[in-house]
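Open the model in your viewer and keep the selection panel at hand. We will go from single residues out to the whole chain.

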Amino acid sequence: LEIYSLHVDCKVTSRFAHTVITSRIVNRANESREATFEVELPKTAFITNFSMSIDGEVYPGIIKEKAAAQNEYDTAVSQGQSAGLVKITDRKLEQFHVSVSIAAASKVTFELTYEELLKRRLGKYELLIKVRPKQLVKHFQIDVHIFEPQGIHFLETDSTFMTNELTEALTKVQNETKAHILFKPTVDQQKKNSELDETLLNGDFVVRYDVKREATAGDIQIVNGYFVHYFAPQEMPVFPKNVIFVIDRSGSMAGRKIEQTIDALLKILQDLRPEDHFNFITFNNKVVEWKSSLLPATEENVASAAALVQTLTARGGTDISGALLAAVGVLEKAEGLPERSVSMIVLLTDGQPTSGERNVEVIQEKVQKAINGKYALFCLGFGFDVSFKFLEKMALSNGGIARRIYENADAALQLQGFYQEVATPILMQIEMQYPENSIEGLTQNNFKLFFEGSEIIVSGKISNELDLLPVEIKAQSHTSNLTLKEEANVKEKEQVFQNQRYIFENFVERLWAYLTIQQLLEKAISAQEEDQKALEAQALDLSLRYSFVTPLTSMVVTKPSDQQQKELANKPTEAG
């Protein structure tokens, strides 16, 4: 079986990425063979389309509500056959895998489309394309077109498999607002060496960039009556942090995990600013407070904390509840903290609660009641023995986020990277205000905290014939209360995207739908049961209307009648 053409075509318009992967395969054998299409795509993306064409006949994937798709599948297939077509493969990726049997000398074309809104982290957007053809490909091409009306501030490409030869196959053309990256290696350039038919193309192809920012109240873009508002202020004073690290040292953390945790904590301690305050709580079945109160991050205190961290050993049970409530207690009775400061608790655990309170629902309730909206709780789940669902619900209910730390060589870097993202809060209580009577379907527009290097995105539908869209942002910075105002001229803004060749249609509307679905699903995690159902119903409606494979929908893939007829593509989630 020969993959004679593999094309990745990606258009990024104002951070919204639309990627189409097309693979053409010919069966050069003289009997039928199984042709496989395997693509790794970012977890944050939603698949929107898939089709296979076999000798000119097209078999499209149809997106349906999950239960309906499952019924159709069950009817078509006797029990115990094929697992789903999509599974999580690593920290950032999931894999779509489909095989179909094709006759001798036949050709098949697979085409997969997915979309995602690129998230700004530590001052850059990252577009990740996984490259793994497993054979030499006659026509191999990656095409990335970027259009950013605000202007491109910097752009870089990076790859885990580049050689000097391959670099020659990479071209980058850019002007003020547009960039085109083309990677088109010949068969010879793809080879590991001239004797063997082994390919070098195996790994990540990454594009990183950031945009220019002039307007203080952010940037507004409008297409076909939908708007998106990007807000990422720069060069603001940083709020002092009051942070309590709550570290699991139960038996299951022994060995590599506790070593990597120690490595990461030592680096994080170095990153504390002198005006920050901090404390450590370590726990197994016993909860131990390093100090009875928060300490300023002086050189002396940091050195003394580093000495403690290096002595951490792992044994015993896991009293998550006791440890978190102790952390809240320390913040409650803290004195002499800077008046305008941000208090946060960072929990790192690798297991289920096995000591103290074990019922996760009771723990969630107690912790939420104790925190009472005053502090942000960030939960890091180390490995796959944690109940990620529990950590995610607890973090989202308390103004934070949860992240899984994957147990591999770079775990310490994952921990540090997470800390860097939340290390520099520069705004709090941010309210993005728009004219109420003229906007429908507004996405989240109130945010507790804004961290330097990230970005706030709000989108909605302009409901009546507005000429000007006024926006007002209110927020607290470390030194003052801010009010920022901006007016967008609707007609002028619409003009920016008239050059349709560069973008796919109605991208702001699809961006709005993507963002709305993501936020509804996130809200549902920490909602009460009846609210949860209503939020999921809304998200399902949008998933079907815009044809996104989300955790609430499935894509039914139908194959030719002579083979197992139907397979399902579901969206896996981190919480399983």
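Start by selecting C10, which is buried, with a relative accessible area of 0%. Buried here means under 20% relative accessible area, exposed over 50%, and partly exposed in between, using a 1.4 Å probe and protein chains only. Next, pick C379, also buried at 0% relative accessibility. How many disulfides does the structure hold? Zero, where a disulfide is a pair of cysteine sulfur atoms within 2.5 Å.

A note before zooming out: this is a predicted model, in which local features need pLDDT of at least 70 and side-chain atom pairs count only at pLDDT 80 or more, while totals for chains, interfaces and linings use all residues. Residues are numbered from 1 along each chain as its sequence is written, and side-chain values use heavy atoms, leaving out hydrogens and water.

Now select the whole protein chain and switch to cartoon: you have twelve helices and 31 strands to explore. These are DSSP runs numbered from the N terminus, with helices (H or I) of at least four residues and strands (E) of at least two.

Show the C-alpha trace and turn it around: along its principal axes it spans about 80 × 60 × 55 Å. Then colour by burial, and 54% of the 576 residues in the protein chain come up as buried.

Finally, display contacts (heavy atoms within 4.5 Å). Of those in the protein chain with a separation of 6 or more, 74% link residues 24 or more positions apart.
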